[in-house]
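Biologist: Can we go through this one together? I'd like to know where the labels come from.

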Amino acid sequence: MKALRLVAIGWVFQLKMLSRSAFDGLLGILWPLFFATTAFFMFRTSHDPRALLYAALGSSVMGIWSSTSVAASSALQRERWYGTLEAIVGTPAHFSLVLIPITLAMSTVGIYSMAATLLWGRFLFGIGVHIVHPLLFAVAVPATVLAIGLLGFLLSVTVVRYRTAWALGNALEYPVWLVCGFLVPLSLFPGWVRPISWALAPTWGVRAIRQAALGGAPQIPVAACIGLAALYGIAGALLVDTVLRSARKSATLSLT
Amino acid sequence: MAAIEAEKLRRTYKQTSGFVRRRTKTIEAVRGIDFAVDEGELFGLLGPNGAGKTTTIKMLVTLLIPTSGAARVLGHDVVHDARTVRRSIGYVFGGDRGAYERLSGLDNLRYFCELYGVPPKVQKRRIPELLELVGLMGREKERVEGYSRGMKQRLHIARGLLHDPPVVVMDEPTIGLDPVGARELRHTIAELARAGKTVLLTTHYMYEADALCDRIAVIAEGEIVAEGTPSALKSVVADRTVVEIEAYGLPDAALERVRASPGVTSVSVEEREHVQLLLVQAPKGLELTQQLLACLGDVRVGRVAAREPTLEDAYVSLVTGS
C-alpha cells in the first residue's frame, strides 16, 4: 500500500514538474503532430482508409515511445544536474519506486500524443476512427503505456550508474520505431529482426491497439504486452540494487 | 553506544586520463580514520578543501561504499544495513543544489516525506512545524527556483529533519549564507543538539565550530590530525603568540623570507579586498615584530598587532603541521 502511494505521489509530482516548462510543453504538443502528419502523407497514397488508421495508430504509439525513451533517460540526468539523485538515493525508499513514477509520468504524457494524433487525423485528413473492440482497445492503450513506461524504467536504471547513458534513450528512439512495426509491417524485415521485435513490448502494444481498432484477436498481444511489462519491472527492480551498489562503489552518483 | 563510529575508514577514488593509453591513478581521499560521536553530542569535522570531510560524510550517509574499514550509525553498518541507517539519519546538503527547483518548497517536503515513509497524518503536523523552525512559513508555496541561497539551505535542513532522525549530518550548512542567516542557522543547530539529536557538522568557520561543537576532529589530507574539545585544541597553540600584519601587495619572495625567519613556527595569509593579512605564529614571549617588518622590506604595511591564539590559529597550525 505504501509502495503504491509512493508511486502515485511520485507520478503526480513528476507530471507537475513536466507541466512547469512552457517550452517543453509546446514541444510536447507539436512533436506528435509532426509524426502524425508525416505518416498520413506517406500512407495517403494508398487511398485505403484502413491503411490511414493503421498509420494513425502506429504514429500515436511512436509518440508514447519517444516521450518515454528520450525523456525518461534525460529525467534521470536532470536529477544529477539538480543534485537530487544523491538526495533520493539517501532515502530508505526502494529506488525502483522512485524511478518508476518518472517513466510512468513520461508515458502518461504520451497518451496525449495518441489523442492528438487521432484528432489531427480526424479533422485534417478525414480519417474516421471506428474501433471494432472498444473494450479491448481501452485495455490495450493503458497496457501499452505501462509496458513502454517499464521499458523506460529498465533503460533509466543504467543512467543511475553511467552518467552518459541518457544518450541510450536517444539512440534507441528511431530503431524501436522500425523494429516494433509502428509504421512498417514487421514482415518486411529480415527474419533475424523478429526475435528482437518480440522481446520489445511496444511491438505487442501497437499490435494489440491495431487489432482492437481494426479487427482481429488483440487478447494475445495484450497478454504479451502485459507479460513483458512485468518482466521489465522485475528485471529493473532486481538490477537497480546492483547498479546502485556499483554507483556507490565507483562514486558516480554526484557526477553530472 | 556511540551514535556514529568510524573504524579505519578509508576511501580511494580512481581517476583515468589519456585517450589511447588509459592511465589510472588512485587518489586516497580518506586514509583510515577513526572517530566516535556519542549520542546527543554535537561533533565538528574541520578541514580545508579536499581534506576528505565530504567523502567521510558520504560514507556515513551510505552514498559511498568505503574502500576498507567500517562505519556504523546507531550500531548499524553503513554498507550491510544501509536502509536502516538511512531511516535513522538526516543528511543536510550544503549549497543550493539538491532540491526540485520546479516544485514548491512544500511539494519538495511532501515528496521527501513519502520517500522517508512518514505517515500522512504525521506529515500534516510535521511539515508546518519544520517550516516554522527554519523560517520558511509563508513562502512554502513558492517554487524553489525563486528561493534565495539561504532559503534553499533552510529547505535542506527541513528536509533532513522530516522523519525526525536521531542523527543529523550537516555538510557545511552555513556556507554562502549572509551573516544574519548564518547566525539564525547556528541557533537552529544548537536547538537540535539541545533537543537530544546527535549532530555531525562540517564547517570551515572556526568561530562556528568553537561556538557550537562539543568536540572537534581536524582532518587534513584524509587523516585526523587532532581531536578534542575546542579548548583542548586551542591549547595546542597556547604557548604561542600571533603577530598580524596588514600588507599591501605582498610578493612571494617576502613571504618566503618571513617563513625562513628564525623563531617563526607558522605563517598563513588571508586575502582581503585590497590587503593581505599575514598571520605569523611564534613562541610566546619572543619579540618578532621588528624582525618580521625587516623581512617585508619595501612592502607597504598597515596595522601591526600581536594577540593571543584562537581556535583558527590552532587549526592552521594543525593542518599545516607546524
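Biologist: What makes a residue count as buried in chain B?

Modeller: A residue is buried if 20 or more other C-beta atoms, placed from the backbone, lie within 10 Å of its own (exposed means 12 or fewer, partly exposed is in between). Of the 322 residues in chain B, 44% are buried. Keep in mind that this is a predicted model, where local features need pLDDT of at least 70 and side-chain atom pairs count only at 80 or more, while totals for chains, interfaces and linings use all residues. Residues are numbered from 1 along each chain as written, and chains are lettered from A in the order in which they are written.

Biologist: Why is α2(A) called roughly antiparallel to α3(A)?

Modeller: The two helices, residues 22-44 and 49-82 of chain A, pack at about 150 degrees, with axes 9 Å apart. Angles over 145 count as roughly antiparallel, so α2(A) gets that label against α3(A).

Biologist: What classes of residue make up that contact of α2(A) with α3(A)?

Modeller: There are 12 nonpolar, 5 polar and 1 charged. Ala, Val, Leu, Ile, Met, Phe, Trp, Tyr, Cys and Pro count as nonpolar, Asp, Glu, Lys and Arg as charged, and the others, Gly among them, as polar.

Biologist: How many residues does each chain put into the contact between chain B and chain A?

Modeller: Chain B gives 25 and chain A gives 24, with contact meaning C-beta atoms, placed from the backbone, within 7 Å. On the chain B side, α3(B) gives the most, with 5 residues. That side has 14 nonpolar, 3 polar and 8 charged residues.

Methods:
Axes are lines fitted to C-alpha atoms, for helices over the stretch in contact, and angles run from 0 to 180 degrees between N-to-C directions. Helices (H or I, at least four residues) and strands (E, at least two) are DSSP runs, numbered from the N terminus. Angles under 35 degrees count as roughly parallel, over 145 as roughly antiparallel, 65 to 115 as roughly perpendicular and the rest as oblique. Two residues are in contact if their C-beta atoms, placed from the backbone, lie within 7 Å.
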